[in-house]
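Q: Here is a model I would like to understand before going to the bench. Could you go through how its descriptions are justified, setting each value against the rule behind it?

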Amino acid sequence: MSRLPKAELHLHLEGTLEPEMIFRFAERNSIRLPYVDVDELAARYRFDSLQSFLDLYYANMATLLTGEDFAEMTEAYLARAAVAGVRHAEVFLDPQAHTARGIPLDAVLEGVTSALGTAEQRHGISTGLIVAILRDQSAESAMTTLDAVLSSDVEVLGIGLDSAEVGHPPSKFVEVFAKARANGLRAVAHAGEEGPPSYIWEALDLLQVERIDHGVRCLEDDALVHRLAAEQIPLTVCPLSNVRLQVVPDLGRHPLPEMLDRNLLVTVNSDDPAYFGGYVDDNYAALSLPPETLRQLAANSIRASFLDNTRKSDLL
Ligand code: ADE
Ligand code: ZN
């Protein structure tokens with residue numbers, strides 16, 4: 001698994017903040033944590049829903065203060081991804097979760113992109129940054145964030161949509177995504193993780209996204225499955241995440257094999273590896289699929305990336 005060249009297309013950088021890192025950053029930034037040690041923190045990594053995870057995910061971000069923190073977190077992810085055979089990574093960042101705490105956007109972007117910028121040379125990984133909009137915040141906040149990102153010096157690949165899904169349909173962000181696309185950003189959105197298939201339709205028709213993140217609930221809607229298969233719209237599936245967040249009962253009942261049988265362009269990804277028990281190689285391994293299927297999944301990840309065709313051919 002880890003030798004298969006692959007792309008990681010669904011990875012939240014803040015979801016790579018390992019417990020040890022949380023304690024290290026808290027100490028150097030003089031932040032008091034509500035846990036005595038790493039074991040006490042790790043014991044809280046039991047979730048019964050997306051929201052129960054998001055509560056801890058956002059709380060732990062309080063330890064990220066400086067550009068250096070963001071750079072170190074990103075560099076640690078890239079080093080681990082290289083071990084997993086990742087040759088290309090399109091990674092999410094949640095700027096609103098940091099600007100709302102008073103961290104300057106430039107510090108966040110510069111920290112992250114300083115590590116992404118050396119990834120090719122240090123780890124043989126090409127990278128792209130996808131700025132994710134927090135869907136449980138207002139459309140105005142999303143637009144302010146997009147404008148700030150567009151006027152920064154940083155090269156951004158795309159726009160995404162994440163955070164608490166139910167009650168926050170894609171339709172809330174039509175103008176934001178239209179502006180992002182008009183400015184050359186590639187568009188993706190989390191949809192059909194906890195939310196209904198109608199959110200996947202909206203992401204495709206209203207936000208005009210090119211990939212769906214998660215999308216496992218598409219199987220509840222035959223017409224949607226036919227469309228996703230006919231148009232070969234990639235679905236960035238995250239098996240360990242789905243089990244940890246109780247989107248599916250266990251790995252044995254994960255819908256990924258059925259999704260492949262139905263000719264969907266499925267990829268395997270790690271989502272928030274520090275929280276869900278494994279990086280992308282662990283996700284491939286957890287599926288217990290035959291080697292030829294794992295090879296197909298790795299090839300799908302390269303096909304579903306936003307790389308140009310020359311680099312895709314190099315990696316396939
Ligand atoms: N933010 C980080 N991980 C997420 C997930 N799995 N779903 C929605 N938002 C997220
Ligand atoms: Zn995600």
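A: In this predicted model, His190 is placed in strand β5, which spans residues 186-191.

Q: What makes His190 count as buried or exposed?
A: A residue is called buried when 20 or more other C-beta atoms lie within 10 Å of its own; His190 has 27 C-beta neighbours inside 10 Å, and therefore counts as buried. Its strand is in keeping with this, since β5 is mostly covered, with five of its six residues buried.

Q: Which residues does His190 touch, and what makes them contacts?
A: Contact requires C-beta atoms within 7 Å of each other, and, residues up to four places away in sequence not being counted, His190 touches Leu161, Asp162, Glu165, Asp213 and His214.

Q: How do you know that β4 and β5 pair?
A: Pairing asks for at least two bridges between the strands, and β4 and β5 have two bridges, in the parallel sense. Ile159 has Ala187 of β5 as its bridge partner, and Gly158 has Arg186, also in β5. In general, strands of a sheet pair through backbone hydrogen bonds, either parallel or antiparallel.

Q: What makes the sheet an open one, and which strands stand at its edges?
A: Eight strands form the open sheet, in the order β1-β2-β3-β4-β5-β6-β7-β8, with parallel pairing. The edges are held by β1 and β8 (266-268), each of which has a single partner strand, so one side of each is left without a neighbour in the sheet. From one strand to the next the twist averages 25°.

Q: Which helix packs on the sheet at β5, and at what angle?
A: Helix α10, residues 197-205, packs on the sheet and touches β5 and β6 (211-214). The direction of α10 makes about 170° with that of β5; as angles run from 0 to 180 degrees between N-to-C directions, the value lies toward the upper end of that scale.

Q: Why is Glu193 singled out, and how is its burial established?
A: The UniProt annotation "active site", from an unreviewed entry, covers Glu193, and such annotations may be inferred rather than shown by experiment. Glu193 is found in the loop between β5 and α10. Because 23 other C-beta atoms lie within 10 Å of it, Glu193 is buried. Leaving out residues up to four places away in sequence, Glu193 touches Leu50, Glu165, His214, Val216 and Val247.

Q: Which residues does UniProt list under "binding site", and how do you know that they cluster in space?
A: The unreviewed entry lists His10, His12, His190 and Asp271. These residues are spread over 262 residues of sequence, yet the largest C-alpha distance is 11.8 Å.

Q: Where is His12, and why is it called buried?
A: The loop between β1 (6-8) and α1 holds His12. With 25 C-beta neighbours inside 10 Å, against the 20 required, His12 counts as buried. Its contacts, with neighbours within four places in sequence left aside, are Phe92, Asp94, Asp271 and Asp272.

Q: Which residues surround ligand 1, and how are they classed?
A: The residues around ligand 1 are His12, Gly15, Leu50, Tyr57, Asp162, Ser163, His190, Glu193, Ser241, Asp271 and Asp272. By class this shell has two nonpolar, five polar and four charged residues; Gly is counted among the polar ones, whereas Tyr counts as nonpolar.

Q: What makes the phi of Ser163 worth noting, and is Ser163 buried or exposed?
A: Ser163 has a positive phi of about 80° although it is not a glycine, and its place is in the loop between β4 (158-162) and α9 (174-182). With 20 C-beta neighbours inside 10 Å, Ser163 counts as buried, because 20 or more is the requirement.

Q: Where is Ser30, and why is it called exposed?
A: Ser30 lies in the loop between α1 (19-28) and α2 (38-42), and the phi of Ser30 is near 55°, again a positive value in a residue other than glycine. Only 12 or fewer neighbours are allowed for the word exposed; Ser30 has 7 other C-beta atoms within 10 Å, so it is exposed.

Q: Why is Pro257 called partly exposed?
A: Pro257, in helix α13 (residues 256-261), has 13 C-beta neighbours inside 10 Å, and therefore counts as partly exposed.

Methods: Residues are numbered from 1 along each chain as its sequence is written. Chains are lettered from A and ligands numbered from 1 in the order in which they are written. This is a predicted model: local features need pLDDT of at least 70, side-chain atom pairs count only at pLDDT 80 or more; totals for chains, interfaces and linings use all residues. A residue is near a molecule or strand if its C-beta atom, placed from the backbone, lies within 6 Å of it. Helices (H or I, at least four residues) and strands (E, at least two) are DSSP runs, numbered from the N terminus. Two residues are in contact if their C-beta atoms, placed from the backbone, lie within 7 Å.
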